[in-house]
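Me: I am new to this structure and would like to understand the words used for it. Please show it to me, and then I will ask how each label is reached.

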Amino acid sequence: MATLEKIRSKSVFLIIVIGVALLAFIVGDALTNSQNIFGERTTVAKIGNTKVEINEYQRKREELNNQLEEARRQNPAQFANFDTQVLAQMALDQLLQEKIVIEAANKAGVRSSGNLLRFYMLDNPQNQKVMEIVGSLNQSGLSVQTPAQAYEVIFNPKRNGLTDAQMEPFQRAWLAAEKEMEQTLKGVVYQRLLSGTVKANDLDKKALYNDYVTTANVDLAYLPYGVLDPKEYPVSSDEIKAEYNKEKGIFKVGEPTKDVSFISVSISPSADDRKNSNALAARTLQALRDSAGPLNKSIKKEGVSVTRHNMRGSDIPAGAIKDFVVSAPDDSVKMISDDVQGFTIARMVSKTQAVDSIQLNIVSAASDKFGNKVMAALNGGLPIDSVASKFDTDSVFAQIKQWIPLYTAEGPTNALQQSTLDSLRNAGGKFVTIQSTPQGMVFAQVTEQKAPVTIYDYDIAEYVLGPSVKTVNDERAKLEKFLLANKNAASFTKNAEKAGYSVQKFSLTQSTPAIPRMMGMNSYYPDSRQVVRWVMIDAESGDVSHIYESKNNVSPALYVVAVTDEYEDYVPVSNSDVTTMLTAKVRRSKAGDKLMQNFSKKTQSLQSAAQAMGVAPRNIPTFRFGMGSGVNDPAVMGRIIGSKADKKVSILKGEDGIYVYQVMGNSKENFPFTDQMYEQQYYQLVNPNLIEMIKGDKTYKNNIYKFEAGD
């Protein structure tokens, strides 16, 4: 139902806002040389005259790649399964959005003030590059904690004992970030101004108010159409074409589109694969029992992995592994699981006692000479909380009683090297140096240690069962046999089910990131971007692809696709989804006409009409337009709420069934009118797409797959 999804959305092209720049594109695909054969050899995409060139596209990809890597370091669980196939188009969408907004802002003469720029660069930094500069300064041995401190060091180097040459790279980086922030703020200001143009007039606000306060007491009988018999209500091709011409506007597409039939074959382990896994489990178990060392290479070569864990008992996940580890003697081995998913074996190594966290006072100084002076004062009796009052706060920073975890739920933190930890513990409560360079110094003292806890050292040997090469090749041979017998799209689509394959139908454009698993969901078949590339670049209507493979060791898949149609302006009436949609609509209309004719003469009273329809009438004492009325058809809702309370029995043909109603009374509820409230409701109702407003009717051309490698 891919086409219907396009029809419902009515979007010209996909705009994806990345938010706080936590996403990235994995630069896994090399650029091809194929762009040389196209007219716009360096233009990845354009809207009207606004272009995204290959060099800026590459920079954006690299930038987003770095951001994703950082996000994965900070929150690996959240981003571990992020589908990077979507990020190529996301990078392009972000560039296009930035460009058309900035160009519109420039045309409108929008500027960002110096105070606003200072706020978002220094006081409330919104540019990731600013924080990267702060990090780079610290890595260079310059102790700065805030963007304001970084700015002072970068642009007043001599005052901080540095040279202009040392700070020149940081100055260039800062000015680039400042320029980028200025453009961003300009776009933000323009979008705020643009959103302010979407305002309700007095009539709009009063109309919304009246829709809410106007109510009716309604008696209603409703007969849904239900499942309609095609024989009783036949629909001709001429009727479908007539309905298509009437509704043609909703079938407009914004990009060249190709309809495809898609087959995905998920390959599972065979019975022989499971038998071999069981045998490997037995060999691995015996090998772990025979030796306290690592597994032999032959077993590892078959796919068995062994990982060493150093964990506190409270951090070991509850289950069979923990039950074994906390009670097993050293050097014991146990099979934890052996099933259709593979096997898991645990080997207990040893138990030790260790401190899992330590509390420190930590001080950082702008230079080693100054740091030694501060450390001498502290070791001479100066209270740690007096550092800020005795020394220049721009040159020294104290963190009081900071707990440093030595173990977390993931195991040892390595927050402090063992030699540093030993120095701190042996200092007798004195401050000792942790890090020192001419440009900066860090020193600390121990204030408290937690009591030792038991640390469990154990190995986990795991094997994830996937289909063997033979199993994959057998499935490939079967699919190749089907393709040999079905070399065109019509035959492919017609005979797939007979051959045991399930066919899915999609509408693809250059902006489609990959083959979607489910329409409307950000979930895609792995490695299916290459399939979209073939469809959009190489294929013509009627073509059938070769076999594509998603080479996941655990759950590999084979893909084939056939192009059934292509179009550039409107989805044609021949499209199966369009035909299905229009056929259902015409059939419902015919059923409505017949039912109206059957029941119109039986509407002397609502009760008699309901009895003839075989439904029970109901009363809706407070009927409002669009608000919990129990009526789903907007046209019917409008007719009912607009009717006089004359108790006349009326019958209507709706989109979803036949309605018989009787308005027993009209009223207006006594709610105060608040201008601001209905101003907000109007904006929410309109829900303007600011990017589409800026874009207007400019054409969108996306060449992204011409620059992306694929088979």
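Me: What makes β8 and β13 a pair?
Reply: Two strands pair if DSSP finds at least two bridges between them. β8 and β13 have eight bridges, running in the antiparallel sense, so they meet that rule. One place to look is Ala365, which stands opposite Met441 in β13. Before we go on, this is a predicted model, in which local features need pLDDT of at least 70 and side-chain atom pairs count only at pLDDT 80 or more, while totals for chains, interfaces and linings use all residues. Residues are numbered from 1 along each chain as its sequence is written, and side-chain values use heavy atoms, with hydrogens and water left out.

Me: How do you know where a strand such as β13 begins and ends?
Reply: Strands (E, at least two residues) and helices (H or I, at least four) are DSSP runs, numbered from the N terminus. β13 is the run 440–449.

Me: Which other strands pair with β8 or β13?
Reply: β8 is also joined to β9 (residues 396–405), antiparallel, by eight bridges, and there Leu360 faces Gln402. On the side of β13, five bridges link it to β12 (residues 432–437), again antiparallel. Ser436 of β12 has Met441 as its bridge partner, and a hairpin of two residues connects β12 to β13.

Me: Why is β8 described as largely enclosed?
Reply: Buried means under 20% relative accessible area, exposed means over 50%, and partly exposed lies in between (1.4 Å probe, protein chains only). Nine of the nine residues of β8 (residues 357–365) are buried, so the rest of the structure largely encloses the strand. In a regular strand the side chains alternate between the two faces of the sheet. Here Ser357, Gln359, Asn361, Val363 and Ala365 point one way, Ile358, Leu360, Ile362 and Ser364 point the other, and all are buried.

Me: Why is Lys450 called partly exposed?
Reply: Its relative accessible area is 40%, which falls between the two cut-offs, so "partly exposed" is the right term. Lys450 sits in the loop between β13 and β14 (453–464). Leaving aside neighbours within four places in sequence, Lys450 is in contact (heavy atoms within 4.5 Å) with Val355, Asp356, Ser357 and Trp403.

Me: What makes Lys401 stand out, and is Lys401 buried or exposed?
Reply: Most residues other than glycine have a negative phi, and most peptide bonds are trans. Lys401, not a glycine, has a positive phi of about 50 degrees. This residue lies in β9, and at 53% relative accessibility it counts as exposed. Lys647 also has a positive phi, near 60 degrees. Lys647 is found in the loop between α22 (634–641) and β19 (649–653), and its 48% makes it partly exposed.

Me: How do you know which side of α17 faces inwards?
Reply: Thr471, Val472, Leu479, Phe482 and Leu483 are the buried residues there. They cover an arc of only 115 degrees around the axis, which puts them on the same side of α17; the arc is that of the directions from the helix axis to the C-beta atoms. Exposed on the other side are Val469, Lys470, Lys481, Leu484 and Ala485. Elements covering the buried residues include β4 (257–266), α11 (271–290) and α18.

Me: What span does α17 have, set against the expected one?
Reply: The expected span is 1.5 Å times one less than the number of residues. With 17 residues, α17 is expected to reach 24 Å, and its 25 Å from first C-alpha to last is close to that.

Me: Why does Asn486 count as buried, and what joins Asn486 to Asn495?
Reply: Asn486 has 5% relative accessibility, so it counts as buried. This residue is in the loop between α17 (469–485) and α18 (489–495). A polar contact is a pair of N or O atoms within 3.5 Å; within protein, one must be able to donate a hydrogen and the other to accept it, and residues adjacent in sequence count only if both atoms are side-chain atoms. The side chains of Asn486 and Asn495 are joined by such a contact, at 2.7 Å.

Me: What makes β2 and β21 edge strands?
Reply: Three strands form an open antiparallel sheet in the order β2-β1-β21. β2 (50–53) and β21 (700–702) each have a single partner, so one side of each has no neighbour in the sheet.
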